[in-house]
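Please look through the sequence and the 3D structure below before reading on. The paragraphs that follow start in the interior and then turn to single residues and to the protein as a whole.

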Amino acid sequence: MSPGIFEHSKTPRDELAELLAEMPLFSGLSPELLDEVAASAEWLSLPGGAVLFSEGESADALYVVLSGSLAVLAADGHVQRRFLARLTAGDTVGEMGLISGHPRTANVVALRNTELARISGQAFNEVLRRDPQTMWRMAQLMVSRLERMDSPPRAHVRGACTFTVLPQSLEVDFAGFSTALVKALGQFGRTELVWNARAGSHTSQWFNNIESANDFVVYVAEPTPNRWTKLCERQADALLLLARAESPAGSWAALRWPHDHSLTPQRWELILVHDSTIETGAAARWLANLPDIPHHHVQSAADYARLARMLTGRAVGLVLSGGGARGFAHIGAVRALGEAGIPIDLLGGTSMGGILGAGVAARWGVQELTDRFRHYFVESRPLRDYTLPFVSLVSGHKVSRMLFEAFGELAIEDLPLAFFCISSNLTAGHVHVHRRGELWRALRASVAVPGVLPPVVHEGDVLVDGGAMNNLPVDIMLELGRGPVIGCDAGADRAFTTHGDDLDVPLPWQLMRWIKARRHLPNIFQILWRAGMVNSSALSAAQRDRTDLVLRPPLAEIDMLNWKAFERAIQAGYEYTARCIDGLPEDSPLWRSAGMIDS
């Protein structure tokens with residue numbers, strides 16, 4: 001037994017037997033055998049931070065988590081390297097070692113004060129001898145764990161139940177923030193706010209009781225690394241690093257792992273509270289020392305509701321495809337979702353879908369989206385600055401000016417809503433995901449249809465339209481694990497058809513007669529645009545199957561370059577989305593996110 005474990009008297013037989021009977025591994029045992037197992041079990045109290053067992057130790061027992069939480073960490077020698085799993089009340093650990101007879105393969109430590117029942121190898125072998133079905137139940141548990149590890153990202157919605165608000169300094173109003181967050185979380189379940197003054201002297205059992213009695217618990221830590229703050233960090237599923245956005249960027253002195261958050265079992269989330277409007281560059285300033293963690297902007301009451309959905313795995317991600325002029329249908333889809341009360345919390349997109357998604361992430365309303373896109377694409381006609389076709393048919397200057405006019409020097413990380421767009425890296429042969437940096441430049445890469453618009457060069461790599469590799473990047477949204485995902489595919493319908501078999505271009509003096517005779521031939525813009533998307537069609541079909549709501553507006557009658565079909569595309573997207581929403585099942589996770597059904 002590792003140092004730091006304190007042994008107590010055995011748990012009363014009837015109480016422990018009831019707990020074991022509710023656990024999958026022991027649920028089939030007879031009451032008599034349950035009583036015997038409970039009588040032989042030892043009650044252990046593991047202080048937060050203590051090691052239960054380490055890699056290489058002999059497997060002499062299995063443990064049942066009764067309260068608290070454990071972390072399973074992969075190991076490299078004696079150094080803990082990577083967080084593998086979090087175990088909470090009702091989970092078991094150590095049983096595989098008993099079956100295989102091999103030494104432990106990971107480190108298990110207490111994230112907080114944890115109560116466990118230790119069942120010796122001898123006692124467990126007696127269970128297997130008298131009830132062989134236990135081995136079958138164990139096999140089912142192992143298969144279930146493997147399936148969770150191998151399943152697509154949508155199965156790993158990373159909702160949390162306990163949160164610790166860790167203010168960077170006394171400058172930020174952490175009391176007001178915590179109170180507002182508790183109110184927002186209350187929409188999804190019973191929520192408790194715990195302060196030092198109230199809980200500083202309570203035992204680990206008290207904390208376990210308060211977490212068991214609530215769906216969510218918010219602990220409010222202090223900026224200094226005192227005993228209370230350390231306790232709060234151990235209790236948290238997620239650490240909310242709170243800062244005042246306008247202040248100079250600083251560190252969190254109270255963090256237990258200030259240099260490498262990858263070693264921590266808790267999620268880290270940066271929360272930037274703004275005095276009024278979002279300050280350009282504030283996010284980049286704060287993220288300089290925390291480059292790999294998600295961040296959230298908080299300005300208004302609506303942001304607290306969105307943050308609550310993000311933290312609990314209820315946020316709705318909207319992914320918008322490319323499709324040229326057909327992409328205007330996305331505006332109609334956004335309108336229909338808003339009228340149905342379905343929130344949009346995260347945006348992702350490709351090409352035209354990326355530009356529209358950026359507008360939604362910038363909190364442009366439906367009317368503003370309509371007015372701006374009519375001006376930028378219908379009236380301004382940005383693809384009319386033709387050039388000598390050394391690299392592309394269009395110079396790209398008008399598109400670049402249009403994007404800069406729309407978004408200015410705004411960085412992706414400054415957008416009020418989380419956003420990404422993708423481009424295709426022709427140099428490296430993979431998708432490039434844009435999550436940071438100049439927004440207009442990322443969108444310019446995402447919309448660079450090969451042969452139509454010049455590519456964008458990024459750190460020596462050549463980037464073109466994201467639709468060349470992934471026209472509906474649902475997989476990237478799913479990897480975030482924030483909640484249900486809606487995919488709107490405006491590029492699914494057939495692009496064009498033609499009549500006749502002869503497409504060879506005749507000699508110059510025969511050209512006019514050839515054009516008049518074949519008015520319905522596809523032009524070079526259509527061919528290049530479609531060629532840039534067709535390679536990802538099969539992937540898009542697979543992506544649609546992974547969404548919680550897939551939208552495929554009927555757009556076959558709208559040419560991808562027919563910008564004048566603006567109103568028709570919007571209306572088609574609106575009517576189709578409204579019908580799909582009406583057909584959603586009552587238990588859809590989208591209604592759960594909207595707060596229209598019980599969580």
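In this predicted model, the largest nonpolar core has 67 residues. Those with the most contacts inside this core are F328, I342, F373, F377, F419, L443 and I486. The element that gives the most to the core is helix 21, residues 566-582, which supplies eight residues. A second core, separate from this one, has 27 residues, among them A245, W252, L255 and L287. Grouping of this kind fits a general pattern: in soluble globular proteins, nonpolar side chains tend to be buried together.

I342 can serve as a closer look at the largest core, being one of the residues with the most contacts inside it. Which residues does I342 contact, leaving aside its neighbours within four places in sequence? They are V316, L337, I486, I581, L584, L590, W591 and A594. I486 in this list is itself among the residues with the most contacts inside the core.

The last residue in that list, A594, can be followed further. A594 lies in the segment after helix 22, which covers residues 589-593. Is A594 buried or exposed? Its relative accessibility is 16%, and the limit for buried is under 20%, so A594 counts as buried. Not counting residues up to four places away in sequence, A594 touches Q187, G341, I342 and P343. A594 also shows how the chain brings distant positions together: A594 and A315 are 279 residues apart in sequence, but their C-alpha atoms are 9.1 Å apart in space.

The cysteines are the next topic. How many disulfides does the structure hold? The number is zero. C488 gives an example of why a bond is missing: the closest cysteine sulfur, in C580, is 9.2 Å from the sulfur of C488, too far for a bond, since a disulfide needs the two sulfur atoms within 2.5 Å. C488 is buried, with a relative accessible area of 0%. C421 also counts as buried, at 0% relative accessibility.

Now consider the whole protein. It has 599 residues, and buried residues make up 52% of them. There are 22 helices and 23 strands. Of the contacts with a separation of 6 or more, 76% are between residues 24 or more positions apart. The accessible surface of the protein comes to about 26600 Å², and carbon and sulfur atoms account for 53% of that surface.

Conventions: Residues numbered from 1 in each chain as written. Predicted model: local features only at pLDDT ≥ 70, side-chain atom pairs only at ≥ 80, totals over all residues. Heavy atoms only, no water. Buried < 20%, exposed > 50% of the residue type's maximum accessible area, 1.4 Å probe, protein only. Helix = DSSP H or I, 4+ residues; strand = E, 2+ residues; numbered from the N terminus. Contact = heavy atoms within 4.5 Å. Core = buried A, V, L, I, M, F, W, Y, C linked by side-chain atoms within 4.5 Å. Areas by Shrake-Rupley, 256 points an atom, 1.4 Å probe, with all protein chains shown as cover.
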